[in-house]
Amino acid sequence: MTEQSAAAAARATVYGYPRQGRNRELKKAVEGYWKGRVDAAALRETAAGLRRTNWRQLADAGIHEVPSGDFSYYDHVLDTSVMVGAVPERHRAAVDADETQGYFAMARGTQDVAPLEMTKWFDTNYHYLVPELGPDAVFAADSTKQVAELTEALALGLTARPVLLGPVTYLLLAKPAPGVAADFEPLTLLDRLLPVYAEILADLRAAGADWVQLDEPALVQDRTPAELTAVARTYRELGGAADRPKLLVASYFGRLGDALPVLARAPVDGLALDFTESGAANLESLAAVGGLPGKRLVAGVVDGRNIWINDFEKSLATLGTLLGLAGQVDVSASCSLLHVPLDATAEGDIDPEIVRWLAFARQKSAEIATLARALTEGTDAITAELAANRAALASRAGSALTRDPAVRARAAAVTDADGRRSQPYAVRTAAQRAHLRLPLLPTTTIGSFPQTTELRTARADLRKGRIETAGYEERIREEIREVVTFQEKTGIDVLVHGEPERNDMVQYFAEQLTGYVATRHGWVQSYGTRYVRPPVLVGDISRPEPMTVRWTSYAQSLTDRPVKGMLTGPVTMLAWSFVRDDQPLGDTARQVALALRDEVDDLEAAGTSVIQVDEPALRETLPLRAADHAGYLAWATESFRLTTAGVRPETQIHTHMCYAEFGDIVQAIDDLDADVISLEAARSHMQVAGELASHGYPREAGPGVYDIHSPRVPSAEEATALLRKGLEAIPAERLWVNPDCGLKTRGWPETRASLENLVTAARAIRTGLADDGS
Ligand SMILES: CN1c2c(nc(N)[nH]c2=O)NC[C@@H]1CNc1ccc(C(=O)N[C@@H](CCC(=O)N[C@@H](CCC(=O)N[C@@H](CCC(=O)O)C(=O)O)C(=O)O)C(=O)O)cc1
Ligand SMILES: N[C@@H](CCS)C(=O)O
Ligand SMILES: [Zn+2]
């Protein structure tokens, strides 16, 4: 491309940046505010400082146009609800009394008022607060936050582009408010919402915005013709509004498909598209509509949700093609950098050879700037960067760290029989009944018990060398003793050890598997002030030694009741990690499955009769477009079966999923061939039990009767009523009694009370059934 001269200088830009700060200062300030230790002014000052640092970091990396308004104290979808005046009636008084307190009340609820529902942001591990709307919704523009943050960025002398969630995606993400008919479609409110957006755009223009970005990621999902018509209408109207800034409509997380021609024809000034692997089809679609002559195209060529360095030559080839398709081509990441950690150079414990292959948000910003420079000045201007990039890519491609011939040989030798249990479910269930001798409606929990500050502090003390391993492990054994004693006393039938030794259900295993690399500082926001450190699948996966057996065996040594072994399944291990991009996901899943299979077999050999393999991410990882579902479900279910199929018929395999929308994957759940499944159901009043029943699901199931996302203690009567509802769909011989999910984020007082009530409810139903039978 040396000889190529671009029509205009290419700009480097990003759509969003990690909010938390280098040492998660935002988490500390917000949680301090909740506890009354930090006042609102100090919280605001911390946030403003973090924004300044981020903008300076971006500018120093060579980003020409920084985003503004992407910052959030909790969640940007909640911020959008505030921006358009969609505050639920039940929170109105709190918001009017104190804006900050009211904002957090919507996010977290109060003693008396329920929060907004929280759910997954597309197929990421970020969660947003679901807007609640009804036919009477009245919107009102509040551009305060957006204008203030734009003003801050401009005051630093930067070119800033406010980033707003687009109106169509906002309405498509919304749900009917409580009390509103379930079939109410929030998109019908579009005509009322658009003038509010037009007003906010005018405010931003007046405050100095040249461009404003409107994010429409919902358009990478399958959309109906009516929805696409709504898109066309939206951008005709906003594009035609007076006093508006230039509009950039952004999509990410995949290909636009039928929405691309609609947006290309719209009277907006530019589009931002994903051109990474997941959005590769955008290139062809864009060419098919004749490109965007005279308009701006922001090319998302740097992967915004994985952590591998970019392949500069590949990106430059894509950018070169795009130069012929748009009036102006700028460079960006495929999505907001919110989904990657801040800085790979902070990872002093990771092999420097591997750190060379990694790009977190700071490194990605520099990559984007380098690519933009090459586009403007020609590749000669980046000779050194290209050479370094080639060398790092070659180092990864040829590295022995990524390849283990024994693992590859084992994966290649897998047969269908390895993924099939030796007996069908009907035979297994009889063997398990005889072996386990459980009562009707057996009670159990999902695995974790409260992760107290004491446990986390003990782990931090171990890491910092303040305590010895022996002392730490004794602390863990002490916790296991308490958890086992409590469960026995409460009358739970299948016990757990409580998972006190785990920092996280994915990271804990990653730290023990060869081929995985865990980070020390690689925090990524999961929701609100909760963060995770997704580990990196770097090479072929193997298990040098058992990972959980000694803790499960220790717990089993304390009781005569069965103790359930607890593992995280292969799909979730991939979904909540940064995955390899140098081999198909299915290959990685198979390697993880084989490592976990060894753990399952070792647990069984150590005397564990019940083994749970958690797959909470099975549903969320479902591709965004239906056309891609079958391919995913094939490797996902195969890897689960490979993990679990090696055990004897009398060993009972459980699985667990805790995100409520299972309707479209019931067949896949069945295909897992697990003996028992526990699912989230309390909030949706056992709806999932009906869904399983209508599918003819033949196995045992525990739809949750205790909503663990709330500190509220369900009464025994409430749990009994839910169980009765469950019994309408699932016969007593196949119904289990359990909470929705693990108890790690709960405190002990409510955990104790809730589980006691859960056991009381199970006993009441058993008695009722016995009376009916006599
Ligand atoms: C079920 N969920 C999970 C998801 N993804 C995962 N990878 N894991 C999950 O469990 N996705 C969907 C949901 C999301 N839910 C949650 C729930 C709770 C959290 C959470 O509490 N996060 C904690 C961090 C947890 C952790 O990793 N702790 C470590 C390290 C703690 C630490 O860093 N400590 C400080 C020192 C602290 C001290 O007291 O001294 C330090 O080292 O600097 C541990 O326990 O060892 C959070 O803090 O946000 C996340 C997602
Ligand atoms: N066993 C895990 C599952 C969470 S989804 C837990 O109990 O926390
Ligand atoms: Zn769960």
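L190, D191, L194, Y197, A198 and L201 of helix α8 meet A230, R233, T234, E237 and L238 of helix α9, contact here meaning heavy atoms within 4.5 Å. That's a handy place to start looking around this predicted model, in which local features need pLDDT of at least 70, side-chain atom pairs count only at pLDDT 80 or more, and totals for chains, interfaces and linings use all residues; side-chain values use heavy atoms, with hydrogens and water left out. As for labels, residues are numbered from 1 along each chain as its sequence is written, while chains are lettered from A and ligands numbered from 1 in the order in which they are written. Helices (H or I, at least four residues) and strands (E, at least two) are DSSP runs counted from the N terminus.

Back to that helix pair. α8 (residues 190-206) and α9 (residues 225-239) pack at about 35°, with axes 10 Å apart. Axes are lines fitted to C-alpha atoms, for helices over the stretch in contact, and angles run from 0 to 180 degrees between N-to-C directions. The crossing of α8 past α9 is right-handed, that is, the near helix is turned clockwise from the far one by less than a right angle.

α8 also helps cover helix α3 (residues 76-83): the buried residues of α3 pack against α8 as well as α5, β3, α6, β5 and α7. Seven of the eight residues in α3 are buried, where buried means under 20% relative accessible area, exposed over 50% and partly exposed in between (1.4 Å probe, protein chains only). The buried ones are H76, V77, L78, D79, T80, S81 and M83.

Strand β11 (residues 326-333) has a similar story: seven of its eight residues are buried, so the rest of the structure largely encloses it. Here are two strand pairs; pairing takes at least two DSSP bridges.

| Strands | Sense | Bridges | One residue pair |
|---|---|---|---|
| β10 (292-302) and β11 | parallel | seven bridges | A299 and V331 |
| β19 (676-679) and β20 | parallel | four bridges | V676 and E700 |

The β19 and β20 pair belongs to an open, parallel five-stranded sheet ordered β16-β17-β18-β19-β20. β16 (564-568) and β20 (700-703) are the edge strands with a single partner each, so one side of each has no neighbour in the sheet. On average, neighbouring strands here are turned by 20° against each other, direction ignored. Helix α24 (residues 629-644) lies across β17 and β18, running at about 145° to β18.

Then there's the metal. H656 (NE2), C658 (SG) and C741 (SG) coordinate the zinc ion (ligand 3) at 2.1 to 2.3 Å. Donors are N, O and S atoms within 2.8 Å of the metal (3.2 Å for Na, K and Ca), and sites may look incomplete because water is not among the atoms. The four donor atoms subtend angles of 101 to 121°, which makes the arrangement tetrahedral; for that label all angles must lie between 85 and 135 degrees. H656 sits in β18 and C741 in the loop between α27 and α28, so the pair ties together parts 85 residues apart in sequence. Both H656 and C741 are buried.

One last stop is G491, in the loop between α19 and α20. G491 counts as buried because its relative accessibility is 8%. G491 touches T443, R561, V759 and R763, leaving aside residues up to four places away in sequence.

Notes
Four donors count as tetrahedral if all angles lie between 85 and 135 degrees; four count as square planar and six as octahedral if opposite donors are over 155 degrees apart and all others between 65 and 115; anything else is irregular.
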